[in-house]
Amino acid sequence: PMRWRFRLIAVWRAGFMALVWYVLGIRYRVIGRENIPKTPSVVLSKHQSAWETVGLQDIFPDQVFVLKRSLLLIPFLGWAFAAVKMISIDRGAGKNALKQVIKQGCARLKDGYWVVIFPEGTRVPSGEMRRFKPGGAMLAAKAGALAVPVAHNAGDVWARNAFIKSPGEIIVSIGPAIDPAGRKAEEINALAEQWIQGELRRLWPQRYAGVNAEAD
């Protein structure tokens with residue numbers, strides 16, 4: 001049963017987070033935990049490192065991520081992704097990839113699972129920004145699910161493609177949920193992007209002062 005699959009993942013995650021804390025010296029703190037909705041929602045998160053692919057699972061209820069289909073071919077890890085029905089897409093499929101996200105995402109939300117999407121589409125180093133892609137907002141609008149913006153600084157201690165990690169504290173800030181009722185996807189996407197960018201500048205002004213989001 002799916003609930004047992006997630007319980008097994010929770011055991012693995014607890015061990016992973018313990019190693020990150022006691023071996024690497026990386027801890028995390030959450031701001032705005034009260035903003036987490038009671039119902040399955042779409043999490044629109046900043047993406048800086050591999051940490052948040054595990055760390056967000058420690059913060060939000062049972063969830064699935066949107067990932068590229070090729071990751072399912074990785075032995076053991078890919079099999080685990082498939083076992084918990086992650087949303088796998090073919091990035092080269094263009095508009096069909098977006099249809100895959102919406103179709104599978106609506107199904108997962110209906111089944112009671114949260115959906116995590118990184119709107120920038122890839123890992124972006126700390127101190128940089130990219131324009132948000134609309135897939136997550138479109139899913140929230142289509143499913144009628146709340147959209148939850150998340151900002152963090154994981155890239156400060158867990159840099160992209162860096163083998164050596166730096167001890168320190170990751171701050172995860174959860175913003176007020178965006179109600180899709182009466183809003184188009186473009187508005188939802190813009191509100192999430194504005195909040196996340198504003199929160200990054202508020203918490204880490206030295207890194208984001210004068211930084212504007214770049215288009216792909």
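# Notebook: a look around the fold

**Entry 1, the whole thing.** I started with the surface: the protein exposes about 11,200 Å², and carbon and sulfur atoms supply 57% of it. Note to self: this is a predicted model. I then asked how much of the chain is hidden, and found that buried residues make up 45% of the 216 residues.

Next I looked up the elements. There are 7 helices and 7 strands, and from the N terminus on they run α-β-β-α-β-α-β-α-β-α-β-β-α-α. The radius of gyration is 17 Å, close to the 17 Å from the globule rule for 216 residues, so the protein is as compact as a globular protein of that length. I also boxed up the C-alpha atoms along the principal axes, and they fill roughly 40 × 40 × 35 Å. Then I checked contacts with a separation of 6 or more: 72% of them come from residues 24 or more positions apart.

**Entry 2, strand β2.** I picked β2, residues 42-45, and checked both of its faces. V42 and L44 sit on one side, V43 and S45 on the other, and all of them are buried. Which strands pair with β2? I found β5 (residues 114-117), parallel, over 3 bridges, and β6 (residues 147-152), also parallel, joined by 4 bridges. For single partners, I noted that V43 stands opposite V116 in β5, while V42 has A147 of β6 as its bridge partner.

**Entry 3, strand β6.** I moved on to β6 and counted: 6 of its 6 residues are buried, so this strand is largely enclosed by the rest of the structure. A147, P149 and A151 point one way, and V148, V150 and H152 point the other way. β6 also pairs with β7 (residues 168-174), this time in the antiparallel sense, over 3 bridges. There I found H152 opposite V172.

**Entry 4, the cores.** Which residues touch the most other members of the largest nonpolar core? I got V42, W51, F60 and I174, out of 49 residues in that core. I followed F60 further: leaving out residues up to four places away in sequence, F60 touches I36, V43, W114, V148, V150 and I174. There is also a second, separate core of 10 residues, with M129, F132, L200 and V211 among them. I jotted down the background too: in soluble globular proteins, nonpolar side chains tend to be buried together.

**Entry 5, helix α4.** I put a ruler along α4, residues 95-110. Its 16 residues reach 23 Å from first C-alpha to last, close to the 22 Å expected at 1.5 Å a residue. I listed the buried residues of α4 as A97, Q100, V101, I102, Q104, G105, R108 and L109. What covers them? The cover includes β2, β3 (63-68), β4 (87-89), β5 and α5 (135-143). Just after the helix, I spotted G112 with a positive phi of about 100°.

**Entry 6, M2.** Last stop, M2, which I found in helix α1 (residues 2-22). Is M2 buried or exposed? Its relative accessible area is 16%, and the cut-off for buried is under 20%, so M2 counts as buried. Not counting neighbours within four places in sequence, M2 is in contact with A83, V84, K85 and Y113. I also took one long distance: the C-alpha atoms of M2 and A209 are separated by 44 Å, and the two residues are 207 residues apart along the chain.

Methods:
Residues numbered from 1 in each chain as written. Predicted model: local features only at pLDDT ≥ 70, side-chain atom pairs only at ≥ 80, totals over all residues. Heavy atoms only, no water. Buried < 20%, exposed > 50% of the residue type's maximum accessible area, 1.4 Å probe, protein only. Pairing = 2+ DSSP bridges. Core = buried A, V, L, I, M, F, W, Y, C linked by side-chain atoms within 4.5 Å. Contact = heavy atoms within 4.5 Å. Rg over C-alpha atoms; globule rule 2.2 N^0.38 Å. Areas by Shrake-Rupley, 256 points an atom, 1.4 Å probe, with all protein chains shown as cover. Expected span 1.5 Å × (residues − 1).
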